[in-house]
Amino acid sequence: MNTATAPATPPLRSPIDHPLFWLLAMTLAHVVVRVAVSPALKWDEAEQMLWSQQLALGYGAQPPLYTWLQWGVNALVGPSVLALALLKQALLALAYVFMYLAGRELLGPRGAFWASASMLLLPPLGWYSIRDQTHTVLVTAMACAAWWLLLRIVRRPRAADFAWLGLVCGCGLLAKYSFALVMAAMLAAALSVPESRRALLSRGGWWAPLVCVLVVLPHAWWLLGHVHEATGETVGKLQISAERAPVQGVARLIEGVAGTLALWAAVALWAFRSAWWRGGAAPASPWAQRVFVRYLAGVALALTGMVLVAGVSGLKGRWLLPLLCMVPLAAFAARPALQQHPRGRRYTAAIAVVAVVILIAAGIRPWFSGLRGEVDELNHPAAELQRALRAAGYDGVSPIIAADHMMAGLLRTRFPQAAVDACTSEEEDVRACVKADVARAQAAGRGWLLISRADRVEPGWWDKAALAPAGPPQTLTLPLHMVREGTAPAQYHYRWHAAGAPS
């Protein structure tokens, strides 16, 4: 079946003429900047350092795929800021590559580049994913890959592509449960259009659901026994309440959509002006445009139903990103004549400027936070803390028991040979958690380190964590990095129990 033919790709004069060369350069630049800017960790980074100590079928409120990948990268380069940056930037690069490939199914190289690079103008991906996101980056990459494979299958159905689509959909569900809405809306839209329906129902189509089920099945089995653990936190973040006025939910939904698309829409209108609606040019592929429109209508209907019927009022831009990342592709596919528009250089230049600004902002964010007097996680003295704990007698290999996951994740990067756990007051019985960790340490003939950060420890944590009267913990006071003069130093409370010493 050939319902659309992608424009031929002109020969490239040199590798640097290809936009993917600059994508690779920007990816490597972000890795270098993240490693150079600070050895401390952000929230999601610390979470991954803690979870990726072992492989498991589930990790609390999030599906396991990102943590599995982080485990693999850690095995190659060690649990470190470098490992965190490599994985995230590789997945971001894949998202842009997959969207470029999706664009090439409908557009020429220039239009495909715009469809891909425009995602940089979606703040949840372009900026917030650089600041601190993990699972959202992975699920967005899978959404882009799903669009590429769907468009490819409609042009020419092949069993191998159906299998790849099933793999991508399975990985999307293992990245974030919300990918189910992406899948449902895509499937409903594609089945409602004759050209795409014939392709999806053609020979070999059964590979997609089969592979998807096989990929998801192990985690689904785990999920049956951990439903509350996997959904409780997400339900809380969605702020579901039948008593809350739907106006608030609608306002948050509009805010989330605008926060995702407004910057891209403003730049696109500035660059092309009235060319978006003048000229009446036909879309690149009419069938694809019908799929895009019906997909977005299905997404809008589902989200509105969540707000009005289920009482959801906590929708955020990062949750909408996988659903809306295809909007620039749909827009440029609807107006393919823009690829030859003389103002196209302005659009490309705007994207390049935003890319450079984001890279610079990623590098200076700890200094900016410090100058404002708002201490960021990246301002904390990770290397100095490591040296101070060594000087206090910690052996570097005994288990570490932290009061929160931020402290636990940070110390894992500093002491990669030590097992690390977070016994938090919010999630579990602190005394029972500490007691179990201590028992394992004693069984292994090790000591153990109890530690908390003064500005994050829950009141009474040390009373709960103490297994026997041992007096107050010791304190380390260390200067923060990249902060203005007069900023209060960081304080850490710890208690080191050497192997064989009384607890």
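A disulfide is a pair of cysteine sulfur atoms within 2.5 Å. In this predicted model, the structure holds one disulfide.

## Cysteines

The bond is formed by C423 and C433, with an S to S distance of 2.0 Å. The two partners are 10 residues apart and link distant parts of the chain: C423 belongs to the loop between β2 (420–422) and α21 (430–443), whereas C433 belongs to helix α21 itself. Because the torsion about the S-S bond of C423 and C433 is about -70°, the disulfide is left-handed. C423 is buried, with a relative accessibility of 0%, and C433 is also classed as buried, at 10%.

Two further cysteines, C171 and C212, may be considered in turn. For C171, the closest cysteine sulfur is that of C212, at 9.1 Å, which is too far for a bond. For C212, the closest cysteine sulfur is in C169, and the separation of 5.5 Å is likewise too far for a bond. C171 counts as buried because its relative accessibility is 17%, below the cut-off of 20%. C212 is buried at 9%.

## Pocket and cavities

The table lists the volumes of three voids and the classes of their lining residues.

| Void | Volume | Nonpolar | Polar | Charged |
|---|---|---|---|---|
| Second largest pocket | about 530 Å³ | 19 residues | six residues | no residues |
| Largest cavity | about 150 Å³ | seven residues | four residues | four residues |
| Second largest cavity | about 70 Å³ | five residues | one residue | two residues |

The second largest pocket has a volume of about 530 Å³. Its lining comprises 25 residues, of which W22, L23, M26, L120 and A355 are the closest to the centre. Helix α1 gives the most to this lining, with eight residues. The elements that supply at least two residues each are α1 (19–37), α4 (81–104), α5 (109–117), α6 (123–126) and α18 (344–372). The lining of this pocket has no charged residues.

The structure also holds three cavities of 30 Å³ or more. The largest cavity is lined by 15 residues, and those closest to its centre are R34, E45, K88, Q89 and I130. Two or more lining residues come from each of α1, α3 (65–77), α4 and α18. Four charged residues are present in the lining of this cavity.

For the second largest cavity, the lining consists of A40, L41, E377, H380, M406, M407, L410 and R453. Helix α20 (residues 405–414) provides the largest share of this lining, namely three residues.

## Environment of S452

S452 is located in strand β3, which spans residues 448–453. The relative accessible area of S452 is 0%, so S452 is buried. The side chains of S452 and W462 are joined by a polar contact of 3.0 Å. When residues up to four places away in sequence are left out of the count, S452 touches A403, M407, V457, W462, Y492 and H493. One of these neighbours, M407, is also part of the lining of the second largest cavity.

Conventions:
Residues numbered from 1 in each chain as written. Predicted model: local features only at pLDDT ≥ 70, side-chain atom pairs only at ≥ 80, totals over all residues. Heavy atoms only, no water. Helix = DSSP H or I, 4+ residues; strand = E, 2+ residues; numbered from the N terminus. Buried < 20%, exposed > 50% of the residue type's maximum accessible area, 1.4 Å probe, protein only. Polar contact = N/O pair within 3.5 Å; in protein donor to acceptor, adjacent residues only side chain to side chain. Contact = heavy atoms within 4.5 Å. 1 Å grid on protein atoms, 1.4 Å probe; cavity = no way out; pocket = protein on both sides within 12 Å on 5 of 7 lines; lining within 4 Å. Points joined across faces, edges and corners; volume = space filled by probe spheres on them. Nonpolar A, V, L, I, M, F, W, Y, C, P; charged D, E, K, R; others polar.
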